[in-house]
Amino acid sequence: MSLVPESNGYSFSRIAPIQAVLFDIDGTLCDSDPLHYFAFREMLQEVGFNGGVPIDEDFFVEYISGKHNEDIGTALFPDWDHEKAMKFMDDKEAMFRRLASEQLKPVDGLHKLCKWIEDRGLKRAAVTNAPRANAELMISILGLTDFFEFLIVGSECERAKPYPDPYLKALKELKASADHSFIFEDSVSGIKAGVAAGMPVIGITTRNPEHLLMEANATFLIKDFNDPKLWMALEEQDSVATGASKI
């Protein structure tokens, strides 16, 4: 199921009536990737990764962004035992939480979109590969603890993103259909998960290259939640819903 491309934008008509909106957290609700990048760069340098040469943003995008910590630890430290790799990841996440407490900001237009969703009584869940402690902290800082009905964490599912399991679990918890739901995501891993779960995915270009998001089969891309393409589609959905209610 996908949104319908039209000459002036995109239409939600194929998934109407909309039941649920699902959100990734890192890079989608908030531009947190710079904080993750800083934490990884500092800590990897401390342990002598890559001969002590700091990682760059291209490395971060390719090997880290959007991925599950188990997979990141295995990829970065193939010669380390699992416990040591996971201790590094736990320490990195603690550093991230310290940074987030001081510096985390919402993506532009987030609260306007949340109000639109609340005003229409749509179901909503946050679906993330982040550790639960990180996810709960970010949602709290953004003032969205009461907005989300469910928080689905990849490590608590059989498989994390890029597999569809977290998004399928969200639909089950919300009692919503993939045919009447859509997703906001910023990473290749997340977009692949959403597409595999059978839903259209709107890609947000906070950090990751646009061509990679489109190659992962994002339905369309927006800069942030103020993007006119998004609101054109949402306003069109309102018109469809109003018309249906008069029949």
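Colleague: Which helix does Q237 lie in?
Modeller: Quick heads-up before we start: this is a predicted model. Look along the chain at residues 228–246, and you'll find Q237 there. That run is helix α10.

Colleague: And is Q237 buried or exposed?
Modeller: Its relative accessibility comes to 8%. The cut-off for buried is under 20%, so Q237 counts as buried.

Colleague: Which residues does Q237 touch, leaving out those up to four places away in sequence?
Modeller: Skip those sequence neighbours and look at what sits around Q237 in space. The contacts are F12, A16, I18 and W116.

Colleague: A16 is on that list. What is the omega of the peptide bond from A16 to P17?
Modeller: Most peptide bonds are trans. The one from A16 to P17 is cis, though. P17 is found in the loop between β2 (9–11) and β3 (20–23). Omega for that bond is near -5 degrees.

Colleague: Where does P162 lie, the residue after K161 in another cis peptide bond?
Modeller: The bond from K161 to P162 is cis, with omega near 20 degrees. As for the place of P162, look between strand β5 (150–153) and helix α7 (165–174). P162 lies in the loop that joins β5 and α7.

Colleague: How far from D186 is K161, its nearest side chain of opposite charge?
Modeller: D186 lies in the loop between β6 (181–185) and α8 (188–196). It is buried yet has no salt bridge. A salt bridge needs a nitrogen and an oxygen within 4 Å. K161 is 7.0 Å away.

Colleague: So what does D186 touch, not counting residues up to four places away in sequence?
Modeller: Several of its contacts come from low in the numbering: D24, D26, G27, T28 and D33. The others on the list are I204, T206, N208 and L213.

Colleague: Right after that loop comes α8. Which elements do the buried residues of α8 pack against?
Modeller: In α8, the buried residues are S189, G190, I191, A193 and G194. After the helix comes G198, whose phi is positive, near 90 degrees. The buried residues of α8 pack against α7, β6, β7 (201–204) and α9 (210–215).

Colleague: What is the phi of N50?
Modeller: Most residues other than glycine have a negative phi. N50 has a positive one. It is found in the loop between α1 (33–46) and α2, and at 49% relative accessibility it counts as partly exposed. Its phi is near 55 degrees.

Colleague: Is K175 buried or exposed?
Modeller: K175 lies in the loop between α7 and β6, and its phi is positive too, near 55 degrees. Its relative accessible area is 69%. Exposed means over 50%, so K175 is exposed.

Colleague: How many salt bridges are there?
Modeller: To count, you need a Lys or Arg side-chain nitrogen within 4 Å of an Asp or Glu carboxyl oxygen. By this rule the count comes to 13.

Colleague: How many residues apart in sequence are the parts tied together by D31 and R207?
Modeller: The side chains of D31 and R207 meet in a salt bridge, 2.8 Å from N to O. D31 lies in the loop between β3 and α1, while R207 lies in the loop between β7 and α9. So the pair ties together parts whose separation in sequence is 176 residues.

Colleague: Which helix holds both D91 and K87?
Modeller: D91 forms a salt bridge with K87, the closest N and O atoms being 2.8 Å apart. They sit four residues apart, about one turn of the helix. In an α-helix, residues three or four places apart point the same way, because there are 3.6 residues a turn. The helix holding D91 and K87 is α4 (residues 82–103).

Colleague: Which residues form the negative surface patch?
Modeller: One member, E62, is found in helix α2 (residues 57–63). E62 is exposed, with a relative accessible area of 51%. The patch is formed by D56, E57, D58 and E62.

Colleague: Last one: how far apart in space are S11 and K229, C-alpha to C-alpha?
Modeller: S11 is in strand β2, and at 0% relative accessibility it counts as buried. In sequence, S11 and K229 are 218 residues apart. In space, the distance between their C-alpha atoms is 9.8 Å.

Notes:
Residues numbered from 1 in each chain as written. Predicted model: local features only at pLDDT ≥ 70, side-chain atom pairs only at ≥ 80, totals over all residues. Heavy atoms only, no water. Helix = DSSP H or I, 4+ residues; strand = E, 2+ residues; numbered from the N terminus. Buried < 20%, exposed > 50% of the residue type's maximum accessible area, 1.4 Å probe, protein only. Lys, Arg positive; Asp, Glu negative; His and termini not counted. Contact = heavy atoms within 4.5 Å. Patch = residues over 30% accessible without salt bridge, like charges linked within 9 Å, V, L, I, M, F, W, Y side chains within 5 Å. Areas by Shrake-Rupley, 256 points an atom, 1.4 Å probe, with all protein chains shown as cover. Charge placed at Lys NZ, Arg CZ, Asp CG, Glu CD.
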